[in-house]
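Biologist: I would like a close look at one part of this predicted model, namely its aromatic ring pairs.

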Amino acid sequence: MSEKTKYLLDESQMPKSWYNIQADLPKALPAVLHPGTMKPVGPDDLAPLFPMELIMQEVTTEREIEIPQPVQDVYKLWRPAPLFRAHRLEKALGTPAKIFYKYEGVSPAGSHKPNTAIPQAFYNAQAGVKRLTTETGAGQWGTSISFAGNLFGLDVTVFQVRVSYDQKPYRRAVMETYGARCVASPSQETEYGRRVLAERPDHPGSLGIAISESVELAVQRDDTKYALGSVLNHVLLHQTVTGLESIEQLHMADVEPDVVIGCTGGGSNFAGIAFPFIGQGLRGGHMPRIVAVEPAACPSLTRGKYAYDFGDTAHMTPLTKMHTLGSTFTPPGFHAGGLRYHGMAPLVSHVKELNLIEAVSYTQVECFAAGVLFARAEGIVPAPEANHAVKGAIEEALRCKREGKSEVILFNLSGHGHFDMASYQKYFAGELTDESYDEKELAMALSGLPSVPKEYA
């Protein structure tokens, strides 16, 4: 067993194609339904929102999708991303486990999100689009699409969830540095935003509301499209560069993972690290345990219902079958803003239903404690979202300690926390609390799930 710390691939070893798990699944993904007709959507139904190339990636079952050269050229600014062996964390925990983490915080935006922002901006620009609208929670996606839009000459408007807009002013400053316009959501700029504010002027916002505002603006102009940072199939597809690189890097370390872990909100970084390993297993290779870690205050996989639901609060988007807390559910304002989404990606939900992954949830304070332990051992301060994956990895390592097992644990450190230090200050001051959702609101949101034809239910 090598005692190396860093496992680095050369640029020439960067993946040339994205991996599509739909090619290997034993059961096809349930159909996406049109919100008006309640029948499966076709490419033309999605055309007001996305360029045709992304629509084709959304529905294809081809195993490999070639990464365009212009996208590869931008990827080289930070890819291949490093894989680290967490020797010091292992020692701090006294575990016989071998802990590895893939570090996506080396991207210009500080997270995994540019993995999909770059191709989305490229395909939109190629299709003649001039403007993009989008939403963001913590700001990692907003930062990434702002960066990507600037590279490909697109104007970008970002609707940021109000609670995160207030919590993370420096994320907003980075978006503006890249040339984007950032608007607190709910806002006065859309009909839906004005309606929400009329009912509750101090509304903290949600990703579902921000999506509704973004979609409303996008469909009003022919030169404008919508970009989404998680949930959709093509987004998860683009993120698989993370897992594909990790497979090669673990081969360099001469190990196979026993456990693969990612934090989950909408599902993109989790799918990025996990799907290539699941695909490898489905094709007859090594199949590790796959663990999705989500916040206890927004637990779509562990408490949500697997049902058809809207992706947004205003019910403008198509219906997908996913683990959902209900599209009207507003999560409490905990600091992992990127995980504050009412639903889980349909593909992640589907592999959960197929029993290919496990899901656990942890509270905010215990995840910050894990992040601080990691930072003091490994030197990287994780984003609040990534702290959930750190917590999951530590729990697995402590299990190995109890059982005397030397398992190999891999987790995705999806981003750094340099713009989230106010939340760490609150943690050290004892002011960070474990936010909990309203059980009555959850029950009400779930009771309002849309009715769909029996053949799809």
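Biologist: Is Phe-374 buried or exposed, and which rings are linked with the ring of this residue into a cluster?

Modeller: In this predicted model, Phe-374 has a relative accessible area of 0% and is therefore buried, since that value falls under the 20% cut-off. Ring pairs join Phe-374 into a cluster with Phe-84, Tyr-101 and Phe-411. To take one end of that cluster, the ring centres of Phe-374 and Phe-411 are 5.9 Å apart and the planes meet at 75 degrees, which makes the pair edge-to-face because an angle over 60 degrees counts as such. Phe-374 belongs to helix H16 (residues 364-378) and Phe-411 to strand S15, so this pair ties together parts that lie 37 residues apart in sequence. Phe-411, like its partner, is buried, with a relative accessible area of 0%.

Turning to another pair in the cluster, Phe-84 and Tyr-101 are stacked, with 5.2 Å from centre to centre and 20 degrees between the planes. Here the link runs between two strands, because Phe-84 lies in strand S4 (residues 83-85) and Tyr-101 in strand S5 (residues 98-103), and the parts tied together are 17 residues apart in sequence. Phe-84 counts as buried at 16% relative accessibility, and Tyr-101 is buried as well, with a relative accessible area of 1%. These two pairs, one stacked and one edge-to-face, are among the 14 aromatic pairs counted in the model.

Terms used:
Residues numbered from 1 in each chain as written. Predicted model: local features only at pLDDT ≥ 70, side-chain atom pairs only at ≥ 80, totals over all residues. Heavy atoms only, no water. Phe/Tyr/Trp six-rings, centres within 6.5 Å; stacked < 30°, edge-to-face > 60°. Helix = DSSP H or I, 4+ residues; strand = E, 2+ residues; numbered from the N terminus. Buried < 20%, exposed > 50% of the residue type's maximum accessible area, 1.4 Å probe, protein only.
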